[in-house]
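Please look over the structure shown here, with attention to how its strands are arranged and to the empty space inside.

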Amino acid sequence: MMASDCDRLRALKAFDDTKAGVKGLVDAGVTTIPSIFHHPLPIEHTDHDHHFTIPVIDLAAATGGTTTTPSKRAELVAAVKAAAETVGFFQVVNHGVPKAVMSEILAAVRGFHEEPAEAKAPYYSRDLGRPVRYWSNFDLFQSPAAQWRDTLYMETTPELPPPEEIPPACRPITLEYGRLMQQLGRTLLELLSEALGLHSGHLEEDAACLERLAGHYYPSCPEPHLTLGTTRHSDPCFLTVLLQDAVGGLQVLLKDNNNNNNNNNNNKSSAVWVDVPAVEGALVVNVGDFLQIVSNDRFKSVEHRVVAQSTGSRVSVVCFFRRQDTPTSTRVLRPIVADGEARFRSTTMAELIQHNRAKGLDGSSALQHLRL
């Protein structure tokens, strides 16, 4: 190990040992960010001249918010299919989660992260066996650069976590929010199954479990141009449902086949970072890696990131849908080939999770090694 690597490792350990996270740096009044957070420059910036919009889909026809007819159901399935096949991201309204519950879970997560460091320290752990754990960067010691973000993770399988292990400020609302997310996840997976031409319960066996919930906190950053809140990545699950506050920063990377900029003439296709704006009362849904494999590349698990902000602290609550035993599951993810050939080799859920953990959020696709 070179001297510079040793220095970096010492800096990472010193930061981790504080158990105060990025919020601790901000509370200490830092005006320059530590070098462990510096990302290779330049960090690609958003192209605000693009023509993309993130679809907003009304789920009333599937959640009982309106009288359902076969034609309305078909229209809804078509809208979900179009979004999953093109953008891979969409926002949903009339989803069955009351706005009061959404506001309360955001406030609870913010409240936890803004507690004094000594109050949060007992939850700080890198032990993946703990059903409730708080840390800064799950891949702190693997990724090329740390991210300007702290996270409270809660395993949300039926038996876990025991209510007494959830931080008191988050306890009642987390259980209620998890219950509502489980219902919404089932609804979304039914729609996606139908969009693939399958019976509505096809994806539910493997994907309908809300496996974990993450409460992310992105403190304001004194040098946002040098770092990222979350590095570009895709999600190792079937489906992700995200609740974000109004601070902003979430972006999705979309191919722009209509870009005629001369600087891009030599590229097969260019790509732009597109903002995912906060929509009042909406939840953000994105396709995960597992679903892209199973759909044989029809549905897109696109890369996304969160940019750091100089003003305002961003809070989001993310729910991941996959089997409870995914990290050890030998269940095979196999492409459903309607016509043509398989575009991915089959793999077990455990293999894909292990690959994802080993590489961390390094900016590379977790699916590239599976492409045929």
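Q91 stands opposite V284 in β10, in a model that is predicted, where local features need pLDDT of at least 70 and side-chain atom pairs count only at pLDDT 80 or more, while totals for chains, interfaces and linings use all residues. Residues are numbered from 1 along each chain as its sequence is written.

**Sheet**
- Strand β2 (residues 89–93) and strand β10 (residues 283–287) run antiparallel and are joined by four bridges; strands are DSSP runs of E with at least two residues, helices are runs of H or I with at least four, both numbered from the N terminus, and two strands pair if DSSP finds at least two bridges between them.
- An open sheet of eight strands, with mixed pairing, follows the order β1-β2-β10-β7-β12-β5-β4-β3.
- Because β1 (56–58) and β3 (132–135) stand at the edges with a single partner strand each, one side of each has no neighbour in the sheet.

**Helices on the sheet**
- Helix α4 (residues 70–86) lies across β1, β2 and β10 and runs at about 160° to β1, with angles taken from 0 to 180 degrees between N-to-C directions of lines fitted to C-alpha atoms, for helices over the stretch in contact.
- Helix α5 (residues 99–113) packs on the sheet, and the strands it touches include β3, β4 (150–155) and β12 (314–321); contact means heavy atoms within 4.5 Å.

**Cavity**
- The lining of the largest cavity has six nonpolar, three polar and one charged residues, where Ala, Val, Leu, Ile, Met, Phe, Trp, Tyr, Cys and Pro count as nonpolar, Asp, Glu, Lys and Arg as charged, and the others, Gly among them, as polar.

Note on methods: Side-chain values use heavy atoms; hydrogens and water are left out.
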